[in-house]
Amino acid sequence: MPHDIEAIAEQVFAALADPTRRAILAALASGGPATATDLAGRLPITRQAIAKHLALLAEAGLVQAEAGERRRVRYRVRSAPMQVAQQFLAALARDWDSTLDALTDHLDRGA
Amino acid sequence: MAFPDRIERTVEVAHPPATVWAALTTAEGLGAWFGNEATIDLRPGGAARMRWNEEGFTAEMRVERVEEPTVFGFTWGIYGLPADDPRRTYVEFTLEPAGTGTRLTVVETGFAQLPEDAHRKAYDGNTEGWAKELAELAAYLDAA
């Protein structure tokens, strides 16, 4: 198993630990690609703070910068790292203990 | 490694393997204890489906191993990923006689699976990865 998987998941969880970055990612996920200026108009955060968080998110691979209109940089969410983190959460959430308890109860009832 | 790729549990039940096998591999059994409704085409490559009414969730499974009454394996999607994500985990139940009962082991693997070029794909994330990922899924399913 590549070590990268854990590093990717760690970056996602670190990014999501900050409420401002969660708000930025949520805005990009719900509204589509946007510039730092667009985001500053929609969130109660200064453009400078948004730019700083976007740079961090881009470094972590969670958003991707792309050329927008009039050479303004737009950012879009990159879902691949989220999906890696989701796999980690899926493993933690897989509840075989309760499932096997249910099977045992079912068998005992039918006996 | 903190990232769990494999989950394994063993329970002993006071019922013979044939009884446990029926609970694991029939629509009536699966619908009674696992989900609320189930359908299953019990042969390698066969489709199975389970529905949880309360959660409004349906799992699509593909039967992979059928060795009555000792091994039953299937793959299913990873909860939380998009429905068309090709990654799947493999679940295998193994039944061993234990006295008059059964030792039942369930192993689920593949939570950490990523293609070999995971790093590039996770960071470049372009759509050209899809064809390759689907080919890898096909290879994975054929090998399972």
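Reading the packing and pairing of chains A and B

Of the 144 residues of chain B, 44% count as buried. The model is a predicted one.

Reader: How many helices and strands does chain B have, and which pattern does chain B follow along the sequence?

Author: Chain B contains 4 helices and 7 strands. Along the sequence these elements appear as β-α-α-β-β-β-β-β-β-α-α.

Reader: What share of the contacts in chain B with a separation of 6 or more comes from residues 24 or more positions apart?

Author: Such residues account for 41% of those contacts.

Reader: In which order do the strands of chain B form the sheet?

Author: An order of strands is read across the sheet, by following which strand pairs with which. In chain B, 7 strands form an open sheet in the order 1-7-6-5-4-3-2, with antiparallel pairing. Strand 1 (6-13) and strand 2 (37-40) of chain B are the edge strands, each pairing on one side only. Direction ignored, neighbouring strands of this sheet are turned against each other by 20 degrees on average.

Reader: How many bridges join strand 6 of chain B to strand 7 of chain B?

Author: Strand 6 (residues 88-98) and strand 7 (residues 101-109) of chain B run antiparallel and are joined by 9 bridges. To place the register, one may take B:Val91, whose bridge partner in strand 7 of chain B is B:Glu108.

Reader: How many residues lie between the strands in the hairpin of strand 3 of chain B and strand 4 of chain B?

Author: A hairpin is read in two steps: the pairing, then the connection. Strand 3 (residues 47-52) and strand 4 (residues 57-67) of chain B pair in the antiparallel sense over 6 bridges, and B:Trp52 stands opposite B:Phe57 of strand 4. Their hairpin has 4 residues between the strands, and B:Gly56 takes a positive phi near 65 degrees.

Reader: Which residue is the bridge partner of B:Val63 in strand 5 of chain B?

Author: The partner of B:Val63 is B:Phe74. Strand 4 and strand 5 of chain B run antiparallel, joined by 6 bridges, and form a hairpin with 3 residues between them.

Reader: Which residue in the turn between strand 1 of chain A and strand 2 of chain A has a positive phi?

Author: The residue is A:Arg70, with a phi of about 50 degrees, in a hairpin that has 5 residues between its strands. Strand 1 (residues 63-67) and strand 2 (residues 73-77) of chain A pair in the antiparallel sense over 5 bridges. In this pairing A:Ala67 stands opposite A:Val73.

Reader: Turning to helix packing, at what angle do helix 2 of chain A and helix 4 of chain A pack?

Author: A helix pair is described by an angle and a distance between axes, and then by the residues that meet. Helix 2 (residues 19-31) and helix 4 (residues 47-59) of chain A pack at an angle of about 80 degrees, with their axes 10 Å apart. The range 65 to 115 degrees counts as roughly perpendicular, and the two helices are therefore roughly perpendicular to each other. On the side of helix 2 of chain A, the contact involves A:Thr20, A:Arg21, A:Ile24, A:Leu25 and A:Leu28. These meet A:Ile50, A:His53, A:Leu54, A:Leu56 and A:Leu57 in helix 4 of chain A. By class, the contact has 7 nonpolar, 2 polar and 1 charged residues.

Reader: Within what distance do the axes of helix 1 of chain A and helix 2 of chain A come?

Author: The axes of helix 1 (residues 4-16) and helix 2 of chain A come within 7 Å and cross at roughly 105 degrees. These helices are therefore roughly perpendicular to each other. A:Ala14, A:Ala15 and A:Leu16 of helix 1 make the contact with A:Arg21, A:Arg22 and A:Leu25 of helix 2. The classes here are 4 nonpolar, no polar and 2 charged residues.

Reader: How does helix 6 of chain A pack with helix 1 of chain B, and at what angle?

Author: Helix 6 (residues 96-110) of chain A and helix 1 (residues 17-25) of chain B pack at about 120 degrees, with their axes 11 Å apart. That angle makes helix 6 of chain A oblique to helix 1 of chain B. The crossing is right-handed. A:Leu103, A:His106 and A:Leu107 in helix 6 of chain A meet B:Thr19, B:Val20, B:Ala23 and B:Leu24 in helix 1 of chain B. The residues of this contact divide into 5 nonpolar, 2 polar and no charged.

Reader: Which strands of chain B does helix 6 of chain A lie across?

Author: Helix 6 of chain A lies across strand 1, strand 5 (71-77), strand 6 and strand 7 of chain B, and runs at about 20 degrees to strand 1 of chain B.

Notes: Residues numbered from 1 in each chain as written. Chains lettered and ligands numbered in written order. Predicted model: local features only at pLDDT ≥ 70, side-chain atom pairs only at ≥ 80, totals over all residues. Heavy atoms only, no water. Axes fitted to C-alpha atoms, helices over the stretch in contact; angles between N-to-C directions. Parallel < 35°, antiparallel > 145°, perpendicular 65-115°, else oblique. Left-handed = near helix turned anticlockwise from the far one by under 90°. Contact = heavy atoms within 4.5 Å. Nonpolar A, V, L, I, M, F, W, Y, C, P; charged D, E, K, R; others polar. Pairing = 2+ DSSP bridges. Buried < 20%, exposed > 50% of the residue type's maximum accessible area, 1.4 Å probe, protein only.
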